[in-house]
Amino acid sequence: MILSVEDDIELVGEAADGLAATRLVEELAPHVVLMDVQMPTMDGIEATRRIVQRSDARVVILTTFERDDYLFAALEAGASGFLLKSCSADELVGAIRNVADGHALLAPKMTRSLIDRFTADRRTPAAAEPADHHPALAELTDRERDVLALVAEGKSNAEIAEELVVGTATVKTHVSRILTKLGLRDRVQAVVLAYRSGLVGPPQD
């Protein structure tokens with residue numbers, strides 16, 4: 001009901017479980033999939049993994065459960081977004097539009113969990129390779145590394161542009177090149193890689 005009244009969103013199908021969802025995606029080729037987590041036959045995490053591997057559809061997890069393990073598993077599976085069902089109708093619609101445009105998003109309550117997880121990992125010396133030796137970052141220019149680090153800190157394109165004293169269009173170009181060079185789908189995956197690689201470390205006390 002929420003989506004059907006939006007002029008720029010068309011609801012093309014519904015599925016009762018994850019397996020049915022994977023089949024419908026192959027048949028209907030939607031741009032965005034709203035995926036629950038706990039379902040019979042196949043859960044939403046595995047369904048997300050299969051959809052991302054087999055199609056160009058972007059998956060937004062929409063769940064009741066404010067659980068870190070669901071968040072991390074969803075991002076590992078390739079989800080482009082993670083929302084709680086307590087979000088407003090406007091937030092849901094906006095999320096679909098943003099993800100369809102190639103962006104990524106997390107429920108505000110879950111963003112802190114993501115950063116805490118990867119900064120905690122970085123406190124273990126063996127948890128990540130030094131950034132200068134991480135093969136995934138070798139393709140980036142120094143400026144692209146700067147931009148990636150600022151993305152990982154949660155800064156918007158406008159904030160990055162202000163800090164680096166460049167135009168927002170330049171920042172958008174850098175972000176696009178970063179995603180292409182690293183083979184990433186969106187900014188969420190870029191944040192994960194930045195923390196895991198050691199490019200961004202845990203905050204100092």
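When I say that one residue is in contact with another, or covers it, I mean that they have heavy atoms within 4.5 Å. Okay, hi everyone. What you have in front of you is a predicted model, so please keep that in mind as we go through it.

Let's start with the overall layout. The chain has 205 residues, and 45% of them count as buried. Its secondary structure adds up to 9 helices and 4 strands. If you walk along from the N terminus, the order of elements is α-β-α-β-α-β-α-β-α-α-α-α-α. Now take the contacts between residues at least 6 apart in sequence: 63% of those join residues at least 24 apart. As for the outside, the chain exposes about 11,200 Å², and carbon and sulfur atoms supply 49% of that.

Next, helix H2. Which residues of H2 are buried? They're Gly44, Ile45, Ala47, Thr48, Ile51 and Val52. These residues span an arc of only 160° around the axis, so they sit on the same side of H2. There's a handy bit of background here: an α-helix has 3.6 residues a turn, so residues three or four places apart point the same way. On the face of H2 turned away from the buried side, you'll find Gln53 and Arg54, which are exposed.

So what covers the buried residues of H2? The cover includes helix H1 (18–28), strand E1, strand E2 (58–63) and helix H3 (68–77). And have a look at the start of H2, where a side-chain oxygen of Asp43 comes to within 2.9 Å of the backbone nitrogen of Ile45.

Moving on to the loop just before that helix. Asp36 is in the loop between strand E1 (32–35) and helix H2 (44–54). An unreviewed UniProt entry puts the feature "modified residue: 4-aspartylphosphate" at Asp36. Is Asp36 buried or exposed? Somewhere in between: its relative accessibility is 24%, so it counts as partly exposed. If we skip its neighbours within four places in sequence, Asp36 is in contact with Gly44, Leu62, Thr63 and Lys85. With Lys85 there's a polar contact, side chain to side chain, at 3.1 Å.

Thr41 is in the loop between E1 and H2 too. Its phi is near 70°, which is a positive value in a residue other than glycine. Thr41 has a relative accessible area of 66%, so it's exposed. Ala29, in the loop between H1 and E1, also has a positive phi, near 50°, and isn't glycine either. With a relative accessible area of 56%, Ala29 is exposed.

Last stop, the inside. In soluble globular proteins, nonpolar side chains tend to be buried together. Here, the largest nonpolar core has 28 residues, and the ones touching the most other members are Val33, Met35, Ile51, Val59, Ile61 and Phe82. At least two residues each come from H1, E1, H2, E2, H3, strand E3 (81–84) and helix H9 (187–197). Which element gives the most to this core? That's H3, with 6 residues. Apart from this core lies another one, of 23 residues, including Ala161, Ile178, Leu179 and Ala190.

One residue to click on before we finish is Ile61. Leaving out neighbours within four places in sequence, Ile61 is in contact with Met35, Val37, Gly44, Thr48, Ala74, Ala79, Gly81, Phe82 and Leu83. Gly44 and Thr48 there are two of the buried residues of H2 from earlier. That's it from me, thanks!

Technical notes: Residues are numbered from 1 along each chain as its sequence is written. This is a predicted model: local features need pLDDT of at least 70, side-chain atom pairs count only at pLDDT 80 or more; totals for chains, interfaces and linings use all residues. Side-chain values use heavy atoms; hydrogens and water are left out. UniProt positions are given in the numbering used here, feature names are shortened, and annotations may be inferred rather than shown by experiment. Buried means under 20% relative accessible area, exposed over 50%, partly exposed in between (1.4 Å probe, protein chains only). A polar contact is a pair of N or O atoms within 3.5 Å; within protein, one must be able to donate a hydrogen and the other to accept it, and residues adjacent in sequence count only if both atoms are side-chain atoms. The arc is that of the directions from the helix axis to the C-beta atoms. A nonpolar core is a set of buried Ala, Val, Leu, Ile, Met, Phe, Trp, Tyr and Cys residues joined through side-chain atoms within 4.5 Å. Accessible areas come from the Shrake-Rupley method with a 1.4 Å probe; for residues, only the protein chains shown count as cover.
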